[in-house]
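Hi everyone, thanks for making the time. I'd like to walk you through a protein that is new to most of us, so please have a look at the screen.

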Amino acid sequence: MKFASVIAVVAAAASANAFTISAWSNTGYTGTQFQTSGTGTYNLGFTAKSYRWSSSGGDGCCIKFCNGSRETGYRCPAYSNSNVATANRFNKVVTGCGSTVLNC
């Protein structure tokens with residue numbers, strides 16, 4: 001039985017999300033920070049002016065950046081931006097993997 005328990009733990013760890021979004025209220029990765037590795041919709045509590053999206057290649061996970069209900073960007077491969085253009089700044093992110101629909 002212990003072997004079956006070990007297999008279940010290893011399988012759960014392998015299916016864990018392999019991404020992280022970190023966003024900051026100022027350019028240059030400074031100011032108030034928001035960070036998560038979870039899937040779902042997250043209101044940041046501020047307008048992000050810089051971010052780092054870390055996602056392993058081919059993991060099937062993506063992020064949608066939103067300003068309220070308006071989409072301002074979308075990424076799947078890893079990407080960083082130390083000075084998000086004014087029109088693309090965001091206060092909400094939606095993350096998901098596989099066939100998950102990402103809506104602002």
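Let me start with a small puzzle: which residue takes a positive phi in the hairpin of β5 and β6? While you look for it, one word of caution: this is a predicted model, so please read everything I say in that light.

Here is the answer to the puzzle. Glycine 68 is the one, with a positive phi near 70°. The hairpin has two residues between its strands.

Now let's step back and take in the whole protein. There are 104 residues, and 33% of them are buried. The protein has one helix and eight strands, and along the sequence the helix comes before the strands, in the pattern α-β-β-β-β-β-β-β-β. About 5,800 Å² is exposed, with carbon and sulfur atoms supplying 53% of that area. If you take the contacts with a separation of 6 or more, 60% of them join residues 24 or more positions apart.

Let's go to the sheets. One of them is open, with four strands in the order β3-β8-β5-β6 and antiparallel pairing. At its edges you find β3, residues 40-48, and β6, residues 70-75, each pairing on one side only. On average, neighbouring strands here are turned by 25° against each other, direction ignored.

Stay with β5 for a moment, please. Strand β5 covers residues 61-67 and pairs with β8, residues 90-97, in the antiparallel sense over six bridges. With β6, the antiparallel pairing of β5 runs over five bridges. Lysine 64 is a nice residue to click on: its bridge partner in β8 is valine 94, and in β6 it stands opposite tyrosine 74. Isoleucine 63, meanwhile, has threonine 95 as its bridge partner in β8. So how many of the seven residues of β5 are buried? Six of them are, and the strand is mostly covered.

Over to another open sheet, again with four strands: the order is β2-β1-β4-β7, and the pairing is antiparallel. Strands β2 (30-36) and β7 (79-81) have a single partner strand each, so one side of each is left without a neighbour in the sheet. Neighbouring strands in this sheet are turned by 10° against each other on average, direction ignored. Strand β7 pairs with β4 in the antiparallel sense over three bridges, and tyrosine 51 stands opposite asparagine 81 in β7.

Please keep tyrosine 51 in mind as we turn to the core. In soluble globular proteins, nonpolar side chains tend to be buried together. Here, the largest nonpolar core has 15 residues, and Tyr51 is among those with the most contacts inside it, along with Ile21, Leu44, Phe65, Phe90 and Val93. Two or more residues come from each of β1 (19-26), β3, β4 (50-55), β5 and β8.

One last stop: what is phenylalanine 90 in contact with, leaving aside its neighbours within four places in sequence? The list includes Ala23, Leu44, Phe46, Tyr51 and Phe65. Phenylalanine 90 also contacts Thr47, Ala48, Cys66, Asn67 and Thr72.

That's my tour, and thank you for listening.

Key: Residues numbered from 1 in each chain as written. Predicted model: local features only at pLDDT ≥ 70, side-chain atom pairs only at ≥ 80, totals over all residues. Heavy atoms only, no water. Pairing = 2+ DSSP bridges. Axes fitted to C-alpha atoms, helices over the stretch in contact; angles between N-to-C directions. Buried < 20%, exposed > 50% of the residue type's maximum accessible area, 1.4 Å probe, protein only. Core = buried A, V, L, I, M, F, W, Y, C linked by side-chain atoms within 4.5 Å. Contact = heavy atoms within 4.5 Å. Areas by Shrake-Rupley, 256 points an atom, 1.4 Å probe, with all protein chains shown as cover.
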